[in-house]
Amino acid sequence: MNFTEKTISSGTGKRKTSIAKAFFYTGSGEILINKKNFNTFFSVSKEEQEIIKKPLIIHNLLKDLDVRIIVNGGGIFSQIDAIKLAVCNAIVKLNSNYKLSLKKELLLIMIQTRQIKSVVS
């Protein structure tokens, strides 16, 4: 992956204290997380790896794009959720028509950190 190429799309995702940024480049489907190979960074179950890849697979983007992800903070599962949201947001920036299909697949979840509740006396 050549990082001097122009970024096609990017997105940010947050979950608890984890923050992820995803950058898409023209390529062959390579995924790097914090400059490490995708499979070595997340040595958890294949199911967890598929959660991250699923948004790209749904729209047949995995084989055409290289993905560079930077993630910080939190535990492994909040990082996975932050990465998933960052990838989904980058896909929507790439093509806004994909938003509905991602919502249907329950991938693009807006996480609201605070909700204001009205108290009835």
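# A guided tour of the predicted model

Of the 121 residues in the protein chain, 35% count as buried. The model shown is a predicted one. With the entire chain displayed, its accessible surface comes to about 7,600 Å², of which carbon and sulfur atoms supply 51%. Among contacts with a separation of 6 or more, 71% are between residues 24 or more positions apart.

**Overview: colour by secondary structure.** The chain has four helices and five strands. Followed along the sequence, these elements appear in the pattern β-β-β-β-α-α-β-α-α.

**Stop 1: the sheet.** Select the five strands together. They form an open sheet in the order β1-β2-β5-β3-β4, and the pairing is mixed. At the edges are β1 and β4 (36-37), each of which pairs on one side only. Strands of a sheet pair through backbone hydrogen bonds, in either a parallel or an antiparallel sense. The next stops cross the sheet from one edge to the other.

**Stop 2: β1 and β2.** Select residues 9-15 for β1 and residues 18-26 for β2. Seven bridges join this pair in the antiparallel sense. Two positions are convenient to label: Gly13 is opposite Ala20 in β2, and Lys14 is opposite Ile19 in β2. The hairpin of β1 and β2 has two residues between the strands, and in it Lys16 adopts a positive phi near 50°.

**Stop 3: β2 and β5.** Add residues 65-72, which make up β5. Which sense does the pairing of β2 with β5 take? The two strands run antiparallel and are joined by eight bridges. Select Tyr25 to find Asp66 of β5 opposite, then Thr26, whose bridge partner in β5 is Leu65.

**Stop 4: β5, β3 and β4.** Residues 31-33 form β3. How many bridges join β3 to β5, and in which sense? Three bridges connect them, and the pairing is parallel. Ile31 has Val67 as its bridge partner in β5. Moving on to the edge, β3 and β4 run antiparallel and share two bridges. There Ile33 has Lys36 of β4 as its bridge partner. Before leaving the sheet, display α3: this helix packs on the sheet and touches β1, β2, β3 and β5, with its direction at about 145° to that of β1.

**Stop 5: the nonpolar core.** In soluble globular proteins, nonpolar side chains tend to be buried together. The largest nonpolar core here contains 24 residues; select Phe24, Ile33, Leu56, Ile69, Ile83 and Val87, the residues with the most contacts inside it. Which elements give two or more residues to this core? They are β2, β3, α2 (46-58), β5 and α3 (76-94). The greatest contribution is from α3, with nine residues.

Centre the view on Ile69 and show its surroundings. Leaving aside residues up to four places away in sequence, Ile69 touches Lys21, Ala22, Ile31, Leu32, Ile33, Asn34, Ile83 and Val87. Several of these residues belong to the core selection above, including Ile33, Ile83 and Val87.

**Stop 6: a link between β1 and α3.** Side chains of opposite charge can pair when their charged atoms come close. The count for this model is one salt bridge. Select Arg15 and Asp81, which form it, with the closest N and O atoms 3.6 Å apart. This pair connects distant parts of the chain, as Arg15 is in strand β1 and Asp81 in helix α3, 66 residues apart. Are the two partners buried or exposed? Arg15 counts as partly exposed because its relative accessibility is 28%. Asp81, with a relative accessible area of 27%, is partly exposed as well.

**Stop 7: Ser78.** Stay on α3 and select Ser78, which lies in this helix. Why does Ser78 count as buried? Its relative accessible area is 11%, and the cut-off for a buried residue is under 20%. With residues up to four places away in sequence left out, Ser78 touches Arg15, Lys16 and Ser18. Two of these contacts lead back to earlier stops: Arg15 is a partner in the salt bridge, and Lys16 is the hairpin residue with the positive phi.

Conventions:
Residues numbered from 1 in each chain as written. Predicted model: local features only at pLDDT ≥ 70, side-chain atom pairs only at ≥ 80, totals over all residues. Heavy atoms only, no water. Core = buried A, V, L, I, M, F, W, Y, C linked by side-chain atoms within 4.5 Å. Buried < 20%, exposed > 50% of the residue type's maximum accessible area, 1.4 Å probe, protein only. Contact = heavy atoms within 4.5 Å. Salt bridge = Lys/Arg side-chain N within 4 Å of Asp/Glu carboxyl O. Pairing = 2+ DSSP bridges. Axes fitted to C-alpha atoms, helices over the stretch in contact; angles between N-to-C directions. Areas by Shrake-Rupley, 256 points an atom, 1.4 Å probe, with all protein chains shown as cover.
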